[in-house]
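Visitor: Please take a close look at one part of this model, the place where its two domains meet. What holds the two sides in contact there?

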Amino acid sequence: MRTAALDSSSPSASSGTPKPFRHGTHRVMSPEQTLERVRRLMPVLGITRIANVTGLDTIGIPVVMVTRPNARSLAVSQGKGLTLAAAKASGVMESVEGYHAEHISLPLKLSTYNELRFRSPVVDVAGLPRLSVSLFHPNWRMLWVEGVDLLGGGPLWVPFDMVHTDFTLPLPTGSGAFLMSSNGLASGNHVLEATLHGLCEVVERDATALWHAGGERSQAATRLDLGTVDDTACREVLETYARAGMAVGVWETTSDVGVPAFACYIVDRESEPLRPVAVAGGMGCHPSRGVALLRALTEAAQSRLTRISGARDDLHRKAYEEAREGVVAERLRTRLREEVPVRRFQDAPHQDAETFEEDLEWVLAKVRAAGVTQVVVVDLTKPELGLPVVRVVVPGLEPTHEAPGYVPGPRALRAMRGDGT
C-alpha cells in the first residue's frame, strides 16, 4: 500500500501533507484561498455564475449553485458549508470535477477484457457495478483507461465508463456495460486531499446502499441520539435547523468497513400546505465522525434548496408531486416521533490524524479488512490547470443505489437477507 505513488515527485509525499484548515472539514487551505485559486480559471472551465441561493429557503445554512452551461453532464453544481465562502468553494470544486471528468485527455485502449487481461493488469471487472441491462461479456470491445491500485501498488486498467462523465450522445465506443455515475469523482487542493475525498465518497455510497437494503427495522437500530452530539460545528447546524422549525433525523450508516458515515433527513416540523417542500436528505463519510456528520447535515440543506431552486438537470417531476401530496413528509414526521434514537455519537468510529497520508492509510486499512482487494485511483489532473482531480474505483463496494439501472451487488443482497456485511 503506497499512497506516495499518487505524487512521488512531491516533497510532501514523504514528509506528510498537513491539514491546516479544520473548520467543518479538513483541507490544505481555506475556502477563501481555494476560491482565489480557481476563480482565474473559471472562464476556461466554462463556469459562468456562482449564485447564493441560501435566501430561497428559511433555514439559513449557506448553499450556492454553480452554473456551467456547456457541461456534458450536469450544468448546475451545488455547494454547502458553514460559511458562504465554504459553500462557494464546495460548489466550484464540484464543477471543477465535472469539467475534468468530461474532458479526459489520458491515453485510452480499445480492447475486450479477454484481449487486455493477457497483456496488462486489469481491474476485477466482476466486482464493478453492472447495469440492469448490461451488455458486458469478456469479448465486448470497450474503452479502458489506466489507474493506480493503492492496495497493490501497481497500474490497473479500468473501464472508461467508470471514469468519465461525458454523457453527450453518441456515448463512447463500448458503453452500456457498467453503471455510469460520478461516484468517487473528487477534487482538492492536493492530490491526497482529493483521493481521500473520493475514497470516502465511495465508502459512503456503499454504506448508504447497505443501510437502505436492510429495511426500516434494521435502520431503526442505527438512529442517532442528537443530544449526544458534542461536535461544535454539528451543534451549530442542529441549532440552526431547530430555529427554522425543521424536524431532523440522523442515522449512523457506518458499515463493516468501519469508516464513520451518517444519513440525515429533514422535513418541516409542521405541514406547510401553501409551501410544500419535499423531504430532503444528505449523507456524509469521513475518518473524523464530526466531519462525517456535518457533511450529512449540511448536504440535507443543500438537497432541499436544490429542489426549491429547481435548476438542477436531473430533478424529476415525481419529487415535486410527492411534496405537493405530503404523504412522504408526513411519514417521516411520524417516524421521527415514534422511532427511538439509540446510538450515541461518541460510539461512532473516529480518526483525526495530523496528515492526509495518515487518514488515507487508515481508510485503506479499513477497506482492506472488509475484504476489498483493489482501490484504483485515476488521476484526471490537467497539468495546464493545476487543480488536482481524481476518480476512485473500488471493486466490490456498492455504487449509488438510486442511480438508474442499479443492480444490487453481493453486499446489498446479503443486507436484504439480514445476513450482515
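**The interface between the domains**

Guide: The chain of this predicted model is divided into domain 1, residues 31-102, and domain 2, residues 120-420. The contact between them draws 33 residues from domain 1 and 44 residues from domain 2. Taken over C-alpha atoms, the centres of the two domains are 19 Å apart. About 3400 Å² of area is buried between domain 1 and domain 2, and carbon and sulfur atoms give 65% of that area.

The interface also has charged and polar pairs. Four salt bridges are counted between domain 1 and domain 2. A salt bridge joins the side chains of Arg-304 and Asp-57, with an N to O distance of 2.7 Å. Across the interface, 14 residue pairs are in polar contact, with both residues at pLDDT 80 or more.

On the domain 1 side, the elements that give two or more residues to the surface touching domain 2 are helix H2 (31-39), helix H3 (42-45), strand S2 (63-67), strand S3 (76-80) and helix H4 (84-102). Of these, H4 gives the most, with nine residues.

Within the residue range of domain 2, helix H12 covers residues 356-369. Its 14 residues should span 20 Å at 1.5 Å a residue, and because the end C-alpha atoms are 20 Å apart, the helix agrees with that expectation. Buried residues in H12 are Phe-356, Glu-357, Asp-359, Leu-360, Trp-362, Val-363, Leu-364 and Val-367. Just after H12, Gly-371 has a positive phi of about 105 degrees.

Terms used
Residues numbered from 1 in each chain as written. Predicted model: local features only at pLDDT ≥ 70, side-chain atom pairs only at ≥ 80, totals over all residues. Heavy atoms only, no water. Helix = DSSP H or I, 4+ residues; strand = E, 2+ residues; numbered from the N terminus. Expected span 1.5 Å × (residues − 1). Buried < 20%, exposed > 50% of the residue type's maximum accessible area, 1.4 Å probe, protein only. Domains from an automatic or database assignment. Contact = heavy atoms within 4.5 Å. Buried area = accessible area lost by both parts, 1.4 Å probe. Polar contact = N/O pair within 3.5 Å; in protein donor to acceptor, adjacent residues only side chain to side chain.
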